[in-house]
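Subject: Structure for your review

Dear colleague,

Please find below the sequence and structure that I am handing over to you. My notes on it come after.

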Amino acid sequence: MRLEISGVCHRYDQVEALRDINLTIEPGEIVALIGPSGCGKSTLLSIIGGLLKPSEGKISASGAVPDGCLNPLTYVFQDFALLPWRTVAGNISLVLEDHKLSKAERAARIDEVLEQTGLADFRNAFPKQLSGGMKQRVGIARALAVRPAVLLMDEPLSALDAQTRILLLDEFSALFARTGMTAVYVTHNLNEAVRLAHRVVALRRRPGTIKEIHTIDVPIDQRREGDPLIVAHETALWELIRDEAIAADKELENVA
Amino acid sequence: MSPDHLAPVKTAKQPVRFRAVGFNPRANPLAAWGSFVVLIILWQIGCSTGFISELAMPSPVAVAKSLWQLIVSGDLWVHLAASGQRLAVGWVLGTVAGLAVGFLVGMFSWARSPGVALVSALFPIPKIALLPLFIIWFGIGEPSKFATIGFGVFFPTVINTFGAVDNVARNLIRMGQSFDMSTWSIVRKIILPGALPTILSGFRISSSIAIILLVAAEMIGAQYGIGALILSAGSLYQTDQLIAGVVVLSVFGLAISWLLGRLDKWLLGWR
Ligand SMILES: Nc1ncnc2c1ncn2[C@@H]1O[C@H](COP(=O)(O)OP(=O)(O)OP(=O)(O)O)[C@@H](O)[C@H]1O
Ligand SMILES: [Mg+2]
């Protein structure tokens with residue numbers, strides 16, 4: 001599915017969060033959104049998925065969705081957003097229950113995504129029993145269960161410890177390479193961006209505008225940690241957003 | 001600062017003192033029961049030695065006897081049945097209505113401000129003061145007592161419920177919306193279970209309010225019921241029967257609290 005973001009502006013009461021954002025996300029493309037804190041990455045992602053109404057501009061989607069797609073634009077959340085009173089399987093079932101699927105179809109989908117994310121042994125566990133990494137795997141499994149056309153991920157690894165982050169980053173990269181998924185991936189972490197994205201969109205802040213779009217033309221499954229080419233891209237990105245980051249760091253927060 | 005401040009101090013090797021002592025009370029069920037036993041024994045000793053006069057406070061033995069009398073004569077069950085029924089009907093009416101209004105106030109803007117304003121204005125009125133009015137509206141019999149208890153339970157339940165709904169994690173609701181769940185599914189599968197812990201702890205408060213109002217209403221106008229029993233014993237200065245009634249009331253309260261505890265365990269096993 002192709003997503004076209006045209007002329008999107010957004011303001012919260014006094015804060016102008018986004019100004020005139022134009023961007024097209026092609027089918028099968030992973031786009032990373034980077035930029036300093038408060039530049040409007042989450043705002044843009046919410047607008048893309050229809051969770052926030054932009055003050056101006058619009059998002060249009062075109063093209064085919066995968067077979068059996070129940071929810072074309074599907075989020076993966078930083079804080080996982082799992083229901084603590086449902087088991088792993090129950091949390092996945094939750095997002096299928098509102099759709100016309102037979103019991104068997106639903107069970108088959110749950111089994112399939114549990115298998116894909118390595119959660120088969122945890123299907124009856126409750127979220128509180130799981131590590132952060134496992135919780136996020138449930139978040140991924142839940143998203144995959146609806147066969148999304150585009151995954152919208154807001155800092156999916158930020159709440160995890162460094163080792164788990166490395167593990168999940170490899171899993172994401174394998175998932176994207178295998179499925180040819182379309183995704184918008186918000187992150188603070190340049191390493192995640194250069195490992196996963198075909199294009200990295202750097203945002204500038206106050207108001208949030210696109211500063212530059214950086215293309216990385218190495219196939220995702222050929223990118224290795226420490227590969228000089230990848231490191232060079234990471235350095236280039238850092239040069240790109242460094243001044244913004246310094247400014248953001250020095251700013252007093254005026255919104256709670 | 002003198003330079004010898006920096007010189008290594010030579011003292012004997014000493015273990016580091018453990019300092020995180022206290023501030024960590026633990027539950028001990030044996031001590032809980034023991035405190036009752038000790039209190040009753042002291043009380044009995046006080047009565048037997050004449051330190052506590054029989055007129056001021058009947059002895060535990062006298063109370064037990066009078067309680068036994070109530071049990072064998074079958075009066076206790078009549079009173080308990082009357083009270084239990086009033087409590088159950090009144091509490092259920094107030095709770096169901098309170099939950100419904102609480103959910104509306106918690107979820108819809110149109111219900112929000114009017115609901116909060118009305119509840120805030122009516123909550124502080126002692127409902128027992130309205131009993132005469134309820135008697136005019138609903139008659140002298142049972143319905144006026146149901147109404148007293150029901151209204152007494154209704155307002156705190158509304159306040160507690162909309163607070164509970166407000167506190168359901170917004171990110172979970174957003175998650176539900178992002179997966180295109182229907183409003184009804186979001187209410188049933190996300191908001192209701194999310195609000196349940198607070199709602200259940202509110203039941204403890206509303207059930208105590210219900211008991212207080214029950215006794216008050218029964219003291220004003222009832223033939224049977226634990227409140228009526230206590231009142232008639234009191235007016236005849238049968239203090240042993242009065243205390244027996246109070247004991248029954250206390251056990252009644254404990255039984256409800258135990259039931260609510262079971263409900264908690266059953267519904268909130270995921271915690
Ligand atoms: N609900 C809101 N009400 C008012 N202002 C908001 C709201 N949400 C975000 N903002 C402001 O809009 C701007 C963009 O916020 P946004 O959360 O999109 O940034 P972000 O790039 O995701 O930041 P972070 O990296 O910290 O997650 C910030 O200045 C923020 O303070
Ligand atoms: Mg954000």
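The paragraphs below set out the conventions and then the findings.

This is a predicted model, in which local features need pLDDT of at least 70 and side-chain atom pairs count only at pLDDT 80 or more, while totals for chains, interfaces and linings use all residues. Residues are numbered from 1 along each chain as its sequence is written, chains are lettered from A and ligands numbered from 1 in the order in which they are written, and side-chain values use heavy atoms, with hydrogens and water left out.

Helix α4 of chain B covers residues 109-122 (helices are DSSP runs of H or I, at least four residues, numbered from the N terminus). Its 14 residues should span 20 Å at 1.5 Å a residue, and the end C-alpha atoms are indeed 20 Å apart (the expected span is 1.5 Å times one less than the number of residues). α4(B) bends by about 25 degrees at B:G115 (the angle between axes fitted to the seven residues ending there and the seven starting there). B:G115 is also buried, as are B:A111 and B:V119 (buried means under 20% relative accessible area, exposed over 50%, partly exposed in between, with a 1.4 Å probe and protein chains only). The buried residues of α4(B) pack against α3 (75-107) and α6 (142-166) of chain B (contact means heavy atoms within 4.5 Å).

In chain A, A:K250 belongs to helix α7 (residues 228-250). A:K250 is exposed, because its relative accessible area is 68%. From A:G63 it is 187 residues away in sequence and 44 Å away in space, C-alpha to C-alpha.

Yours sincerely

Conventions: Helices (H or I, at least four residues) and strands (E, at least two) are DSSP runs, numbered from the N terminus.
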